[in-house]
Amino acid sequence: MTAALTQRKAHLDALAITLLILCCAFWGFQQILIKFAVKEIPPLWQASLRMWGATALLWVWCVARGVPLFQRDGTLRAGVLAGLLFAGEFCFIYLGLMHTSASRLTVFLYTSPFVVAILLPRVVPGEHLRRVQWIGLVIAFSAVAIAFSEGFLHSSPVAGQWRGDLMGLAAGLLWGLTTLTIRATRLTSASAEKTLFYQLAVTALVAPLLSLALGEPWAWDYSGMAWGSVVLQTAVGAFASYLTWMWMLRHYPATQMSTFTFLTPVFALVFGIVLLGEPLTPQLVVALAGVAAGIVLVSRR
């Protein structure tokens with residue numbers, strides 16, 4: 001592996017920022033896709049279809065490009081661990097939504113950058129945040145909380161809501177630990193394709209088992225719109241955008257990258273306004289300004 005392929009950068013450049021914004025934009029749009037398809041396709045069965053398809057696409061990609069997936073390189077244990085953490089994150093998200101509102105769970109999920117910022121510098125030198133970057137991190141998270149404040153204030157009481165909140169926190173923790181595993185183990189020297197393959201393949205095994213355990217009905221005769229949603233989630237979401245994320249984790253500081261994920265829930269709200277006719281609220285305007293300010297501070301050199 002050449003030095004050019006493994007070279008790491010201390011700061012986010014224009015390419016990284018562009019890719020991060022595009023990924024976060026689609027991840028926000030993906031919430032609309034999932035919300036649309038779940039009317040026909042049960043959540044974990046939908047996740048299973050997506051992970052199966054993405055695993056197949058990634059395998060074809062690797063065969064075409066000659067990227068070895070099954071060569072022994074000492075990454076198996078770390079890869080399986082990353083895969084289990086990744087699978088657990090998605091399972092907690094879907095299960096949590098059965099007990100709490102999407103707005104509450106999303107806020108708890110996006111505690112992940114704090115997990116990365118706190119734990120990663122302890123095992124990877126050079127991944128620490130300066131004081132001004134910590135301020136930016138807090139501003140960005142606070143802005144997301146403001147954006148979802150209506151969900152906190154007006155969501156109807158749900159029995160056992162605290163369980164869903166805890167599952168949201170667990171999902172955020174697992175997301176952060178997945179990033180930590182990738183950056184602090186031998187996976188950091190593995191190809192982006194192999195790192196992603198571990199996560200997709202393990203989730204493709206775990207999600208259908210959980211779907212069966214929950215008694216979700218499996219079927220194939222869905223509408224063209226529902227299948228179109230799954231195809232986009234699979235090809236762009238679970239394959240292209242996650243592969244891009246894995247590549248960037250090998251080349252850029254994970255602590256700075258994680259802050260950009262605060263854009264995802266804000267994008268989801270924007271797409272909700274544009275595509276679903278949801279109202280533009282003062283909270284959203286404040287959130288957009290806060291997330292932008294937080295990202296500027298975290299990205300400062």
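## A tour of an all-helix chain

A search of the whole structure, which is a predicted model, turns up one cavity of 30 Å³ or more. Since that cavity is a good place to begin, keep the whole chain on screen for a moment and then work inwards.

**The chain as a whole.** Colour the protein chain by secondary structure, and you should find 14 helices and zero strands, so that a reading along the sequence gives α-α-α-α-α-α-α-α-α-α-α-α-α-α. Of the 301 residues in the protein chain, 53% count as buried.

**Stop one: the cavity.** Select L44, A47, A87, F90, C91, Y94, T203 and A207, and show their side chains, for these residues line the largest cavity, whose volume is about 30 Å³. Now add the helices as ribbons: α3 (43-65), α4 (76-96) and α10 (192-213) each supply at least two residues of this lining. Which helix gives the most to the lining of the largest cavity? The answer is α4, with four residues. If you recolour the lining of the largest cavity by residue class, you will see seven nonpolar residues, one polar residue and no charged residues.

**Stop two: S48.** Stay with helix α3 and select S48, which has its place in that helix. Is S48 buried or exposed? S48 counts as buried, because its relative accessibility is 0%, and the cut-off for that label is under 20%. Next add L209 to the selection and draw a distance between the two C-alpha atoms: S48 and L209 lie 161 residues apart in sequence, yet the C-alpha to C-alpha distance in space is 9.2 Å.

**Stop three: α10 against α11.** Display α10 (192-213) together with α11 (224-251), and hide the rest of the chain. Two packed helices are described by the angle between their axes and the distance between the axes. For α10 and α11, the angle is about 125 degrees and the axes are 8 Å apart, which makes α10 oblique to α11. Turn the view until one helix lies in front of the other, and the crossing in which α10 passes α11 is right-handed.

**Stop four: α2 against α11.** Keep α11 on screen and exchange α10 for α2, which covers residues 14-37. The axes of α2 and α11 come within 9 Å and cross at roughly 155 degrees, and therefore α2 is roughly antiparallel to α11, given that angles over 145 degrees fall in that class. The crossing of α2 past α11 is left-handed. Colouring the contact of α2 with α11 by residue class shows 21 nonpolar residues and six polar residues, with no charged residues.

**Stop five: the second largest pocket.** Finish by selecting V67, S191, A192, E193 and R250. The second largest pocket has a volume of about 520 Å³, and of the 21 residues that line this pocket, those five are the closest to its centre. Bring back the ribbons, and the elements that give two or more residues to the lining of the second largest pocket are α3, α10 and α11. How many residues does α11 give to this lining? Helix α11 gives seven residues, the largest share of the lining of the second largest pocket. By class, the lining of the second largest pocket divides into eleven nonpolar, five polar and five charged residues, whereas the lining of the largest cavity, where the tour began, has no charged residues.

Notes:
Residues are numbered from 1 along each chain as its sequence is written. This is a predicted model: local features need pLDDT of at least 70, side-chain atom pairs count only at pLDDT 80 or more; totals for chains, interfaces and linings use all residues. Side-chain values use heavy atoms; hydrogens and water are left out. Axes are lines fitted to C-alpha atoms, for helices over the stretch in contact, and angles run from 0 to 180 degrees between N-to-C directions. Angles under 35 degrees count as roughly parallel, over 145 as roughly antiparallel, 65 to 115 as roughly perpendicular and the rest as oblique. A crossing is left-handed if the near helix is turned anticlockwise from the far one by less than a right angle, and right-handed if clockwise. Ala, Val, Leu, Ile, Met, Phe, Trp, Tyr, Cys and Pro count as nonpolar, Asp, Glu, Lys and Arg as charged, and the others, Gly among them, as polar. On a 1 Å grid over the protein atoms alone, a cavity is a set of points where a 1.4 Å probe fits but cannot get out, and a pocket is an open set with protein on both sides within 12 Å along at least five of seven lines; lining residues have an atom within 4 Å of a point. Grid points are joined across faces, edges and corners, and a volume is the space filled by probe spheres set on the points. Buried means under 20% relative accessible area, exposed over 50%, partly exposed in between (1.4 Å probe, protein chains only).
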